[in-house]
Amino acid sequence: MTENIIYTKLKTAYNDLVKKIDFKPELAITLGSGLGKLADVVDVEQEISYSDIEGFPVSTAPGHKGRFVFTHIHGIPTVIMQGRVHRYEGYSASDTVIPTRLMGMMGAKTLIVTNAAGGVNKNFSIGDLMIIRDHLTQFVESPLMGPNVKELGTRFPDMTEVYNKEYSDTIEKLAKQKGISVQNGVYCQFSGPAYETPAEVRMASILGVDAVGMSTAIEAMAAKHMGMKVCGISLITNLATGISEVELSEQEVIEAGENASKYFIDLVLDFIKTLK
Ligand code: HPA
């Protein structure tokens with residue numbers, strides 16, 4: 001039988017990780033740009049830098065630390081990905097989702113994925129949280145391309161409900177109770193690293209997109225493929241190109257993340273309480 005190179009790569013990283021870390025997470029959280037502080041407020045029980053895991057794609061993006069943190073949140077064993085890996089750093093889509101798949105292979109059944117995004121919906125304001133209800137991912141290569149890893153999931157996985165409705169409804173309800181400005185919408189992953197042009201944002205709007213970014217959709221797809229329950233929250237850090245009157249900068253994105261950090265962390269922690 002021919003070797004499945006994608007699975008071999010995953011197994012190499014997995015075997016190395018479980019040799020170094022003795023922890024069985026039930027919950028996984030991926031933190032987006034400027035939202036990394038959540039990992040700083042928990043009790044770090046174990047941690048490992050991505051660069052210490054064999055074959056792991058290492059993040060080079062600004063504002064991304066690059067480690068797995070292992071902790072208990074409200075008693076739930078949790079792995080936090082502080083700093084994600086992006087497709088635009090030059091990794092293939094299937095390499096980009098290695099971290100997500102590893103968290104699932106370690107035992108996580110639920111994934112909370114977060115990101116910074118540009119608001120396309122004209123009703124959105126900077127600082128809003130958007131519950132991701134669905135996504136467009138066809139502008140970037142599929143992370144499931146290549147030989148299927150049948151140990152994880154089926155060749156043609158259904159994507160009717162990538163983002164778990166019950167969890168998303170709970171997050172929305174909690175956000176409203178807390179007085180956080182919350183929106184629901186469709187997220188579109190573009191390739192980056194350049195921000196979109198005004199024409200691309202107009203196209204996204206016509207296609208029903210509410211927010212654009214450079215991550216998340218392929219991670220959510222890989223997690224769904226392996227049967228994880230996924231929920232996603234975007235922080236609207238800026239209005240997308242052409243809607244915004246100012247040029248976009250990474251500084252603006254990081255600052256908006258820092259400003260939202262407190263209510264974002266509160267909301268995520270409150271949601272985790274409901275998972276007990
Ligand atoms: N576009 C793409 N990615 C982003 C944006 C944006 O406007 N804001 C934060 N991440």
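In this predicted model, strand β5 supplies the largest share of the shell around the ligand, namely three residues. The elements that contribute two or more residues to this shell are β5 (110-119), β8 (211-213) and β9 (229-239). The complete set of surrounding residues comprises A116, A117, G118, Y195, E196, V212, G213, M214, T237, N238, L248 and V253. By residue class, the shell divides into seven nonpolar residues, four polar residues and one charged residue.

Polar contacts to nitrogen atoms of the ligand involve both backbone and side-chain atoms of the protein. A polar backbone atom of A116 lies 3.3 Å from a ligand nitrogen, and a backbone N or O atom of G118 is placed 3.4 Å from a nitrogen atom of the ligand. For E196, an N or O atom of the side chain is found 2.8 Å from a nitrogen atom of the ligand. The ligand, which taken alone exposes 260 Å², has 95% of that area buried by the protein.

A116 also appears in the database record: the UniProt annotation "binding site", taken from an unreviewed entry, covers S33, H64, R84, V85, H86, A116 and S215. Two of the annotated positions, V85 and S215, were examined further with respect to their location and accessibility. V85 is situated in the loop between β4 (76-82) and α3 (93-96), and, because its relative accessibility is 1%, against a cut-off for burial of under 20%, this residue counts as buried. S215 is situated in the loop that runs between β8 and α7, and, with a relative accessible area of 6%, this residue is likewise classed as buried. When residues up to four places away in sequence are not counted, S215 is in contact with R84, H86, N115, Y187 and Q189; of these contact partners, R84 and H86 are themselves covered by the "binding site" annotation in the UniProt record.

Helix α7, which bounds the loop holding S215 on one side, spans residues 217-225, and eight of its nine residues are buried, so that the helix is largely enclosed by the rest of the structure. The buried residues of α7 are A217, I218, E219, A220, M221, A222, A223 and H225. Just after α7, the backbone at G227 adopts a positive phi of about 85°.

Technical notes. Residues are numbered from 1 along each chain as its sequence is written. This is a predicted model: local features need pLDDT of at least 70, side-chain atom pairs count only at pLDDT 80 or more; totals for chains, interfaces and linings use all residues. Side-chain values use heavy atoms; hydrogens and water are left out. A residue is near a molecule or strand if one of its heavy atoms lies within 4 Å of it. A polar contact is a pair of N or O atoms within 3.5 Å; within protein, one must be able to donate a hydrogen and the other to accept it, and residues adjacent in sequence count only if both atoms are side-chain atoms. Accessible areas come from the Shrake-Rupley method with a 1.4 Å probe; for residues, only the protein chains shown count as cover. Helices (H or I, at least four residues) and strands (E, at least two) are DSSP runs, numbered from the N terminus. Ala, Val, Leu, Ile, Met, Phe, Trp, Tyr, Cys and Pro count as nonpolar, Asp, Glu, Lys and Arg as charged, and the others, Gly among them, as polar. Buried means under 20% relative accessible area, exposed over 50%, partly exposed in between (1.4 Å probe, protein chains only). UniProt positions are given in the numbering used here, feature names are shortened, and annotations may be inferred rather than shown by experiment. Contact means heavy atoms within 4.5 Å.
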